[in-house]
Structures are given as C-alpha cells and as structure tokens.
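Here is a guided look at one protein chain, meant to be read with the viewer open. Please load the sequence and structure before you go on.

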Amino acid sequence: MSGRDLFCQPRRFGRGAALTLVFASVLVAGAATGALPGPDRKSPAGEARSATPAGHHEDVAEAAAEAMAAGQSPVEAAERAVSRSGDRWGAVYSEGEYEEFEEALDGEYTGVGLWARRERDGRIEVTKVRAGSPAAAAGIRAGDRLRSVDGEKVDGRPVTEVVSLLRGNPTDAPAGTPVKLALERGTRAWDLTLRRARLSTDSVTVRELADGITVIRISSFTKGSGDTVRTAVRQAAPDTGIVLDLRGNSGGLVTEAVTAASAFLDGGLVATYDVDGEQRALHAEPGGDTARPLVALVDGGTMSAAELLTGALQDRGRAVVVGTRTFGKGSVQMPSRLPDGSVAELTVGHYRTPSGRMVDGRGITPDLEADQQVLERAETVLSGLGES
C-alpha cells in the first residue's frame, strides 16, 4: 500500500450530495453526529486494481458495463453491486466526485467560506465565516439565516444538500463561478452574488493554554498536516505538555497520520495491515519527541487514520488517551476505475495497532473515560505526568 492508499469511510447517501472532507470544512453541521464522514486518501485508481479481490471488483465492473450498454446509470448499478456484496465500507464515486475528494485531501476546496447548521425548525443558520473568504468579504456574519442558494430554498434541507448547492457541480462550478444567496438578519432580507474561490481546509490548529500547555487539534489528515504537527511540537513551550485533540477527526491521508505519529515517536511500528492476506507495516520516522507529556483526546467521531494514530500512541505507551470509545473503522479500501470513469472503492483488508489489536468494529477504548470537561481532564492528567 502506497502513501496514497486509504482507510475509507462509508458512502450511503443520495446522489444529490457528494459528502467529502470539503463539506466538513465548509458546513460542519452534522459532523458531531457522524453525518459528514470524509474519505481517506486514495491511491491512483489504476494502481489499485490488482490489489482488489478479483470477484468483488469484477462483479462491480460488470454491473457498471452492463448498465452502460443498456443506457442506464453505471454508477447506480455499481452501487447496487457493492451493496449486494455486503462490503460495509465499499463505495462508488462519479469521476467528478472523486476529483473533489482528491482536492479536499490536498488541503483545498472550492467554496465560499461558510459554516452552518440546521436549526430544529429547519432553518439554515450561518455559524462561522472564514476570514478572507468571499462570504467574509460580502459581510456575511455568524447568526445570519441562509434562505436560498441560486433560487432554491434551503429551509428543511439537510446541510449536505445545502453544501452541494453552494459548491455546484464540480465540473461546471470552478473557482470564479457565481452563486446567488438569499440571506436574512433580523428584519433585514437581502440577496447577493458571491464568486466561489479556492480555500484551504486548515486541518491543523494550534493554541496555547494559560498554563503553557499546547493544544494541537487535527480535524482531518490532509496534505501537509503531519509536518504541521511536527512543527507545532518543536515550537511548543519547553517543559510543558501537549494535548493532541483528535475528536471528530474522520481520517484522511494515512501517510500524514504516520508523519504525525513520527512527531512523538523515535521510529518503530505505527500499524500493521493486510491486503488480500499479505501482511504489511507502517513505521514512524526516527527523532520524534518521546519525553514531553502527551494526552490524546478522542470520541465517537475519531475514525480510521485518526484511530491508527491513537492506537500507535497508546500501544507504544507514548500517550494517555482520554475521552470516549472511538468509531471503529479499521478496514482498508483501494480504488479501481470503472468503465465509465467512475471509481469503486472496495475493502481489501484490515489494520491492527502495534500490539495486534483489531480496530474495525471495535474502536479504541480510552485509558480514561470522559465525555464532559474533557480538556480539563487532560490538563489534570498532564500535570500528573509532568510530576512523575
């Protein structure tokens, strides 16, 4: 498995909305409930074909080819074949959707820079506006109500569909294309037209608490996030602890998760995995900070590559894990190109933590269970580690 291989998450949604890491970055409502799972990095579609179980792939490819010949949707036919196979994590993406995934995992996306949520009454409310984005330049603020996108009312729609409208068709709505919004603020209602722009996902954020503890939050493993973590560790205040916040991290580039592990380990095993029965391993680079006290925060939204990192730090005795049980996504998918250019991702194996624990369907149990005041608990743990 190369650095572009993946631990992918399920795609069981309507064709109207391609759910990607982009969506978690643009509109995060629903992320806390797992409604916005993002994919882990894919290897080039052609390279993965030989690693995919022949029968499984051939069934899906044959279904797509037959649908094409009959003038039907090959993507829908392939999705039905994946569903019949019982592959829980198998998924099919149109060519355009797959390109969106690739772009998102490169740390960029095309959009207007809004975060939003759906209120109980169905209204779509802006919760955050990215600085420097088209939305910010237009004066949109948190608390504004989004009423329509390009003339289509959004009240009552899933946030994912609203995202799809904002982004537009991936082939017809590149950066620079216009999107018309209708908004409301108190008694004021107005329309405006924004132009989509290329924006970064900012998947790693770093802050320092009053007591000098550095909090490194990784929302997903996009391109460069591992090096960002290593830089943050090197720049952290001396003789202080670090909180690695992986809550809600739905995965991403496996190689970036391994690079992040390298910030805290001096080489050694990060995980093992099998592809069609062949055992392989992932190793950290030498030279990481192995002395600084470290706590990793996790929850039910910690998935896939984030679980791989958590398991490595826990098994290697490098971090105390605080929070709630992680999601339990530890299967390996590889993509292959279908006759119409769409991409099928099919399960080919599973990974294990350094001690040999299976993650898929089980998750990782934290060392200290906590579902409230988690950061405060982490600070308490770090103070004890610093004294030991």
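The report below covers confidence, then the sheet, then two helices and one loop residue.

## Confidence in the model

Please keep in mind that this is a predicted model. The chain averages a pLDDT of 82, and 84% of the residues score at least 70. Residues 1-54 deserve some care: pLDDT stays under 50 there. For that stretch the model has 186 contacts beyond four places in sequence.

## The open sheet

An open sheet is formed by six strands, and their order is β10-β11-β12-β15-β16-β19 with mixed pairing. Its edge strands are β10 (204-208) and β19 (368-369), each of which pairs on one side only.

Let us walk through part of this sheet. β12 (residues 242-245) pairs with β15 (residues 294-298) in the parallel sense over four bridges, and I242 has L294 of β15 as its bridge partner. On to the next pair: β15 and β16 (residues 320-323) are also parallel, over four bridges, with V295 standing opposite V320 in β16. Between β15 and β16 the chain passes through helix α10 (residues 305-315), and this β-α-β crossover is right-handed. Finally, β16 and β19 pair in the parallel sense over two bridges, and V322 has L368 in β19 as its bridge partner.

## Strand β15, covered on both faces

Which residues of β15 lie on each side? In a regular strand the side chains alternate between the two faces of the sheet. In β15, L294, A296 and V298 are on one side, while V295 and L297 are on the other. Both faces are covered, and these residues are all buried. That makes five buried residues out of five for the strand.

## Helix α4, with a buried side

Helix α4 (residues 74-85) makes a nice geometry check: at 1.5 Å a residue, its twelve residues should span 16 Å, and its end C-alpha atoms are 16 Å apart, which agrees. Its buried residues are P74, V75, A77, A78, A81 and V82. They cover an arc of only 160° around the axis, so they sit on the same side of α4. An α-helix has 3.6 residues a turn, so residues three or four places apart point the same way.

What does the face of α4 turned away from its buried side carry? The exposed residues S83 and R84 are found on that face. Just after the helix, G86 takes a positive phi of about 80°.

## Helix α9, largely enclosed

Helix α9 (residues 254-262) is largely enclosed by the rest of the structure, because eight of its nine residues are buried. The buried ones are V254, E256, A257, V258, T259, A260, A261 and S262. What covers them includes α8 (225-235), β13 (269-275), β14 (278-283) and α10. Helix α10 thus appears in two places in this report: in the cover of α9 and in the crossover from β15 to β16.

## A buried arginine in a loop

Is R130 buried or exposed? R130 lies in the loop between β4 (124-129) and α6 (134-137). Its relative accessible area is 10%, and because the cut-off for buried is under 20%, R130 counts as buried.

Setting aside residues up to four places away in sequence, R130 touches Y109, G113, W115, A136, L199, S200, T201 and D202. A136 belongs to the range of α6.

Conventions
Residues are numbered from 1 along each chain as its sequence is written. Side-chain values use heavy atoms; hydrogens and water are left out. Buried means under 20% relative accessible area, exposed over 50%, partly exposed in between (1.4 Å probe, protein chains only). Two strands pair if DSSP finds at least two bridges between them. A crossover is right-handed if, with the strands pointing away from the viewer, the path from the first strand over the helix to the second runs clockwise. The expected span of a helix is 1.5 Å times one less than its number of residues. The arc is that of the directions from the helix axis to the C-beta atoms. pLDDT is the predictor's confidence in each residue, from 0 to 100. Contact means heavy atoms within 4.5 Å.
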